[in-house]
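Work through the exercises below with the sequence and the structure at hand. Each task is followed by a solution in steps.

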Amino acid sequence: MAASINPSLIHASSSSVCIPSRKSITRLRLRPLSSNFSYSRFFPSIYTKSKPRKPLSFSIVSSSQKLSQSELIAVPEEADELSEKFPKEAGVYAVYDNSEVLQFVGLSRNIAASVLAHRKSLPDLCCSVKVGVVDDPDRSALTNAWKTWMEEHIKETGKVPPGNESGNTTWVRRPQKKPDIRLTPGRHVQLTVPLEELIDRLVKETEVVAFIKGSRSAPQCGFSQRVVGILETLGVNFESVDVLDEDHNPGLRETLKRYSNWPTFPQVFVKGELLGGCDIISSMAESGELASLFQK
């Protein structure tokens, strides 16, 4: 009988999503190969939903993708080699030390980026990794895959991986959030420089700026919350500006719309150029393009 998991005892990496669920993985498939290079030849995709799908040319090789059945892949030292060996897709991954002892099980929207971050910060502990790419990787699907691997390890060893133990901060770092930037000292202070010029200076003199609804610690809309979450998950050093703060950023919403020629929020600028809003940032994050952009 599989050991149960107390969600309060489990952590995930800063680049991972980790909220346990009681659903289970139902089956595994290998994705069809295409003319382009495909990671699916090396990383079986985990089904976590039972829903009708169109017939495809692949084989069901197992009723579930187990941790013990996954290939242990050595982590190269060079970032370029690492990105070639690990997928930029979402899934579950297990990290082993140089003695092949499991140290941490995590989830990620971009497995290659997560492994790279672990390799940089914990080179002695992140020596090899097992990977399972999750199809239709919504929150529940990722959680189910993670939970299955955790339960398998606990059943086999009787304990939680060290990096997932309660209170362990080796793999999970939660830095204090930066305060939001205020463009003016207050509504009562008359500006000597046009607001549009203040915006222009900010985006051109700051590497990454996110104009959001609400503060970065308490976003006031789901789109802003998602963008903040993506940037923080990737470890991006960014500044934030609350467009709803009429006390310190009066008139910012309309002025920024004219400046960027972009009608909605959030808006993310990189090196003085508008990168996009929530849809574009989310799409780039899922494809791995966003992680690659900030690794340059």
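**Exercise 1.** In this predicted model, classify Arg226 as buried, partly exposed or exposed, and find its salt-bridge partner.

Solution. Step 1: the relative accessibility of Arg226 is 34%. Step 2: partly exposed covers the range between 20% and 50%, so Arg226 counts as partly exposed. Step 3: the partner is Glu286, and the closest N and O atoms of the pair are 3.6 Å apart. Step 4: Arg226 belongs to helix α5 (residues 222–233) and Glu286 to helix α7 (residues 278–287), so the salt bridge ties together parts that are 60 residues apart in sequence.

**Exercise 2.** Locate Lys147 and Glu151, and say whether each is buried or partly exposed.

Solution. Step 1: both residues are in helix α3 (residues 139–157), four residues apart, which is about one turn of the helix. Step 2: they form a salt bridge, with 3.9 Å between the closest N and O atoms. Step 3: Lys147 has a relative accessible area of 11%, under the 20% limit, so Lys147 is buried. Step 4: Glu151, at 21%, counts as partly exposed.

**Exercise 3.** Which residues touch the most other members of the largest nonpolar core, and which element gives the largest share of this core?

Solution. Step 1: the core has 17 residues, and Phe86, Val115 and Val129 touch the most other members. Step 2: at least two residues each come from β4 (91–96), α2 (111–121) and β6 (128–134). Step 3: the largest share is that of α2, with four residues.

Methods
Residues numbered from 1 in each chain as written. Predicted model: local features only at pLDDT ≥ 70, side-chain atom pairs only at ≥ 80, totals over all residues. Heavy atoms only, no water. Core = buried A, V, L, I, M, F, W, Y, C linked by side-chain atoms within 4.5 Å. Buried < 20%, exposed > 50% of the residue type's maximum accessible area, 1.4 Å probe, protein only. Salt bridge = Lys/Arg side-chain N within 4 Å of Asp/Glu carboxyl O.
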